[in-house]
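Here are a few exercises to work through with the structure open beside you. Try each task before reading its solution.

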Amino acid sequence: MRRREFIAALGGAATYAFAARADDTDRVRRVGVLIYGAEDDPVTVTRVNGLREGLRKLDWVEGRNLRMDFRFGSADPGRIRTYAKELVSLAPDVIVTGAAPTTNAVLAQTQTIPVVFVEAMNAVGFGLSGKLARPEANSTGITNLYLAIGARWLEMLKEAAPHLTRVARLSTRSSILGLTSQPSRPPATPIT
């Protein structure tokens with residue numbers, strides 16, 4: 001799945017979360033978005049544009065039937081906590097978060113506003129969701145790179161490319177834990 005398709009899928013998840021609560025179809029929906037990275041980070045810019053594009057494709061248009069309140073944590077835990085509290089005080093229909101630190105900050109502020117997280121490495125382990133199959137409480141989202149299904153990914157890759165003999169997975173402990181949005185270049189470890 002390409003990055004834009006992934007982000008568009010996020011838009012669908014966010015749309016479902018706040019549409020499910022809605023009972024007045026003419027009301028402008030409010031979405032809070034708390035992003036771990038800096039506003040001018042190229043990865044962040046791509047994700048924000050992808051979210052807007054995905055929602056637009058589902059006929060959720062800013063200024064018409066949608067208001068989006070963005071906050072950018074710039075990898076600063078204090079700033080993330082402040083923005084989480086601020087977004088909750090705005091009483092949006094749904095809050096979209098990124099990595100575990102932003103999601104946990106929002107979940108510490110509300111047990112009622114739906115929270116849709118993206119790119120959580122281990123949603124259950126970080127306390128973002130009680131179960132993968134059936135999320136509990138007010139949070140749900142997309143868990144990518146979930147380590148427990150790594151073997152299944154490898155099986156699917158071998159089925160798709162049977163002549164493949166080597167696979168490498170690149171990551172750092174920081175990127176696995178969702179602690180950085182900066183690209184990293186760790187040494188490759190072959191998997192056979």
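**Exercise 1. Classify Lys57 and describe its charged partner.**

Step 1. Lys57 has a relative accessibility of 63%, so Lys57 counts as exposed; the classes are buried under 20% relative accessible area, exposed over 50% and partly exposed in between, with a 1.4 Å probe and protein chains only.

Step 2. A word on the model: it is predicted, so local features need pLDDT of at least 70 and side-chain atom pairs pLDDT 80 or more, while totals for chains, interfaces and linings use all residues. Residues are numbered from 1 along each chain as its sequence is written, and side-chain values use heavy atoms, leaving out hydrogens and water.

Step 3. The side chain of Lys57 meets that of Glu53 in a salt bridge at 3.4 Å, N to O; the rule asks for a side-chain nitrogen of Lys or Arg within 4 Å of a carboxyl oxygen of Asp or Glu.

Step 4. Both residues lie in helix H2, 4 residues apart, about one turn of the helix. Helices here are DSSP runs (H or I, at least four residues), as are strands (E, at least two), numbered from the N terminus. An α-helix has 3.6 residues a turn, so residues three or four places apart point the same way.

Step 5. Glu53 has a relative accessible area of 24%, so Glu53 is partly exposed.

**Exercise 2. Find what the salt bridge of Asp93 and Arg27 links.**

Step 1. The N to O distance between these side chains is 2.7 Å.

Step 2. Asp93 sits in the loop between H3 and S3, and Arg27 in the loop between helix H1 (3-21) and S1; the two are 66 residues apart, so distant parts of the chain are linked.

Step 3. Asp93 is buried at 8% relative accessibility, whereas Arg27 is partly exposed at 36%.

**Exercise 3. Lay out the open sheet and the helix across it.**

Step 1. The sheet has 5 strands in the order S2-S1-S3-S4-S5, with parallel pairing; two strands pair if DSSP finds at least two bridges between them.

Step 2. Strand S2 (66-72) and strand S5 (139-141) are the edges, each pairing on one side only.

Step 3. S1 (residues 29-35) and S2 pair over 7 bridges, and Arg29 stands opposite Leu66 in S2.

Step 4. Helix H2 (residues 42-57) lies across S1 and S2 and runs at about 165° to S2. Axes are lines fitted to C-alpha atoms, for helices over the stretch in contact, and angles run from 0 to 180 degrees between N-to-C directions.

Step 5. Thr44, placed in helix H2, is buried at 3% relative accessibility. Leaving aside residues up to four places away in sequence, Thr44 touches Ile35, Gly37, Ala38, Glu39 and Phe72; contact means heavy atoms within 4.5 Å.

**Exercise 4. How are the rings of Phe70 and Phe72 arranged?**

Step 1. The centres are 6.1 Å apart and the planes differ by 10°, which makes the pair stacked. Rings of Phe, Tyr and Trp (its six-membered ring) pair if their centres lie within 6.5 Å; planes under 30 degrees apart count as stacked, over 60 as edge-to-face and the rest as tilted.

Step 2. Phe70 is buried at 14% relative accessibility, and Phe72 is buried at 12%.
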